[in-house]
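Q: I'd love to take a close look at one small part of this model and then follow the structure outwards from there. Could you walk me through it?

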Amino acid sequence: MSVGTIAPRAEFAHSAETGHAWSQTMAMSKRSIIAIVRQPALIIPSLIFPLFFAALGSSSFSRATQLPGFPKVDSFLALTLAASVLQGVIFGSVTGGAALAVDIETGFFDRLLASPTSRVSILVGRLAGNALFGSVEALFFTLVMIPFGVNIRSGPAGVAVITVAGGLIGLGIGGFMAAMALRTGSAEAVQGIFPLLFVSMFFSSAFFPRETMKGVYRSIANYNPLSHLYEGMRDLVITGWSFDAVLKSLLIPIAIGCVSIPLALLALRRRLRAA
Amino acid sequence: MEAMSGTNSINDYPIYAEGLMRHFGDVKAVDGVDLQVNAGEVFGFLGPNGAGKSTTVRMLTTLLRPTAGVARVAGFDVVKDADQVRRRIGVALQDAAIDPLMTGHELLALQAVLYGIPKAKVRDRSRELLERVGLTGAADRRVGTYSGGMRRRLDLALSLIHQPTVLFLDEPTTGLDPMSRLALWEEVRRLNAEGTTVLLTTQYLEEADQLAHRIAIIDHGKIVRQGEPRELKAHVGAPTLVITVPTGQLDRAREVLRSFGDLRPTAEGSLGVGLSAGAEAVPAVVRSLDEAGMHVQHLELNEPSLDDVFAEATGYRLEGAASASGLPQAQGAEGGTGKRGRKRGANDSGGEPT
């Protein structure tokens, strides 16, 4: 047996004191982005499915644009761009949340917890990855739809706002998914949320303006924050630049994040306390 | 190790636990564990699945709060000073939880950031560790392509990135093939020789016997035996020396052996004696037989095994433990660089009666 010591004997023994939560968050973000890039089988559907849905809607409901109450649009695609962005971001967020749950299931989360890293950076890193992917998706859908007749009337500035909104939506929805992952520790449970989120889109103005709805359906859509988010982004596409549209596009996802991220932090605290 | 005993304060022990408990509802997973692991020691935590080994390790590594009791690691309380503990320990948990999408290099870089290692030093440290665990050539491959043994080695490298004072290895060789297991044993010995205190959980008797300076046997959440393997075996009973001499010399040989302990039943044509002075008496026995003109044809020393210790302590045997290690018994007996490489009988089988 060697003569050991309890005292720190290595040059790195105290180095964590000089570590920064910021660099830890960045490292965790990088990891979540690597996971996205290296799993095309998971990510491609989140890019293809919304486009397929938009194409289907466009071919089926193109004449609906003539209905009373329908805003004047170049094509049905212009109306559904915001919905495509949200669908893609929901897909991506569910994938991100499930990945966090898988970390818990496999024990990788424990590896992180056994290190002196900031607990919040584990969560924020994951959400930052979600946000970046959300922005990329928003830009992707916007750029893909332009050749198919979607004219972004707010110009490049509007595209930038939609891109940022995509990131903020990723953060907001990702917060809920992270909360679910931390609460349950089950990837299946996180994936089980997807239909619920998807249905919530149908109870909003994602595919048709609220003016064309009636009864309970319209009432729900009125209270559904997603309706207002869609309308903000939609106005940037079909009407042009307006302060109101920008505010709706950015503030509503921020508001969603203000609810979901504290929920995720609570779930994290609860998980750490339960241990 | 002896120098520390008797005068130690609890902060002198790299790992100290007193009355450590963890209950999950009515289940007492760990029920009053006391541990004092000395600096520079490899401490084996031996027990079957569900005995409380991993739960104890999770408490000692700050991953689980104790229901009651005190635990200090590297001089810090695992609850009150959890962050200080984390900076000083390396942890390789049971399932080698490694992200299969990342490469070995990337994971080491991530781990380095988590421990706040300066960027300038990460590259050298990673290279050094990859070389150490023999993964230099695979460093840029995704971990998903690694074999089980490679993952374990990478897991070990990750746990060493910050040069921890205390290393926790939770069943590090479970599921590994014999060669990978031996390689990991060697690495544990090397780390220990460099001064790292190691707490190793295992359900393999041979692993504990080969690596640990001291062991604790845990069963149903309680430590039922603790000490050096040799002491524990000695506590179970004296080793049996079995000799074979020509038939005509049996009576005289019996008389010689009687002075070293109680005669024990053996196969026909051989004689067995329980050496009351332990294995150290073997040279004296051989000398006495030689002086009496005996012609010893065969000699073997059968020590009580850890399985005997386990059985004595728990009332049951650690099922399949000897074979579960996957190593031939003879290989496990001396193990080349084994720490307790004392001279044994001519046909020593490593503790298992033959």
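How many other C-beta atoms lie within 10 Å of His220(B)?

A: Happy to take you through it, with one reminder to begin with: this is a predicted model. His220(B) has 15 other C-beta atoms within 10 Å. Because a residue counts as buried from 20 such atoms and as exposed at 12 or fewer, His220(B) comes out as partly exposed.

His220(B) also has a backbone feature to look at. Its phi is positive, about 50 degrees, although the residue is not a glycine. Most residues other than glycine have a negative phi. The residue sits in the loop between strand S9 (214–219) and S10 of chain B.

A second residue of chain B makes a good companion. Thr62(B), likewise not a glycine, has a positive phi of about 70 degrees. Its loop lies between helix H1 (53–60) and strand S4 (68–73) of chain B. Here the surroundings are fuller: Thr62(B) is buried, with 26 other C-beta atoms within 10 Å.

Let's go back to the loop of His220(B), which joins two strands of a sheet. That open sheet of chain B has 6 strands in the order S6-S7-S8-S3-S9-S10, and its pairing is mixed. Its edges are strand S6 (89–92) and strand S10 (222–227) of chain B, each with a single partner strand, so one side of each has no neighbour in the sheet. On average, neighbouring strands are turned by 15 degrees against each other, direction ignored.

Now walk across the sheet from the S6(B) edge. S6(B) pairs with strand S7 (residues 166–170) of chain B in the parallel sense, over 4 bridges. In this pairing Val91(B) has Phe168(B) of S7(B) as its bridge partner. S7(B) and S8(B) are parallel too, with 5 bridges, and Asp170(B) stands opposite Thr201(B) in S8(B). The pairing of S3(B) with S8(B) is again parallel over 5 bridges, and there Phe43(B) has Leu199(B) of S8(B) as its bridge partner.

S8(B) deserves a pause. This strand is mostly covered, with 6 of its 6 residues buried. Thr197(B), Leu199(B) and Thr201(B) point one way, while Val198(B), Leu200(B) and Thr202(B) point the other way, and all are buried.

Helices lie across this sheet as well. Helix H6 (residues 178–193) of chain B lies across strand S3 (42–46), S7 and strand S8 (197–202) of chain B, and runs at about 155 degrees to S8(B). Helix H5 (residues 148–159) of chain B lies across S6 and S7 of chain B, at about 160 degrees to S6(B).

Chain B holds another open sheet. In this one, 4 strands follow the order S12-S13-S11-S14, with antiparallel pairing. Its edge strands are strand S12 (261–264) and strand S14 (298–302) of chain B, each pairing on one side only. Neighbouring strands here are turned by 25 degrees against each other on average, direction ignored. S12(B) is joined by 4 bridges to strand S13 (residues 270–275) of chain B, and the two run antiparallel. Arg264(B) stands opposite Gly272(B) in S13(B). Helix H9 (residues 250–258) of chain B lies across strand S11 (240–244), S12 and S13 of chain B, running at about 5 degrees to S13(B).

Stepping back, chain B as a whole has 13 helices and 14 strands. Buried residues make up 52% of its 354 residues. Of the contacts in chain B between residues at least 6 apart in sequence, 69% join residues at least 24 apart.

Chain A offers a helix pair to set beside these sheets. Helix H2 (residues 40–61) and helix H3 (residues 76–106) of chain A have axes that come within 9 Å and cross at roughly 155 degrees. That makes H2(A) roughly antiparallel to H3(A). The crossing of H2(A) past H3(A) is right-handed. Among the residues making the contact are Leu42(A), Phe49(A) and Phe53(A) of H2(A), and Phe76(A), Gly88(A) and Phe91(A) of H3(A). The residues of this contact divide into 12 nonpolar, 9 polar and no charged.

One last stop in chain A is Ile252(A), in helix H11 (residues 243–274) of chain A. With 23 other C-beta atoms within 10 Å, Ile252(A) is buried. Leaving aside neighbours within four places in sequence, Ile252(A) is in contact with Pro225(A), His228(A), Leu229(A) and Gly232(A).

Definitions and conventions: Residues are numbered from 1 along each chain as its sequence is written. Chains are lettered from A and ligands numbered from 1 in the order in which they are written. This is a predicted model: local features need pLDDT of at least 70, side-chain atom pairs count only at pLDDT 80 or more; totals for chains, interfaces and linings use all residues. Axes are lines fitted to C-alpha atoms, for helices over the stretch in contact, and angles run from 0 to 180 degrees between N-to-C directions. Angles under 35 degrees count as roughly parallel, over 145 as roughly antiparallel, 65 to 115 as roughly perpendicular and the rest as oblique. A crossing is left-handed if the near helix is turned anticlockwise from the far one by less than a right angle, and right-handed if clockwise. Two residues are in contact if their C-beta atoms, placed from the backbone, lie within 7 Å. Ala, Val, Leu, Ile, Met, Phe, Trp, Tyr, Cys and Pro count as nonpolar, Asp, Glu, Lys and Arg as charged, and the others, Gly among them, as polar. Two strands pair if DSSP finds at least two bridges between them.
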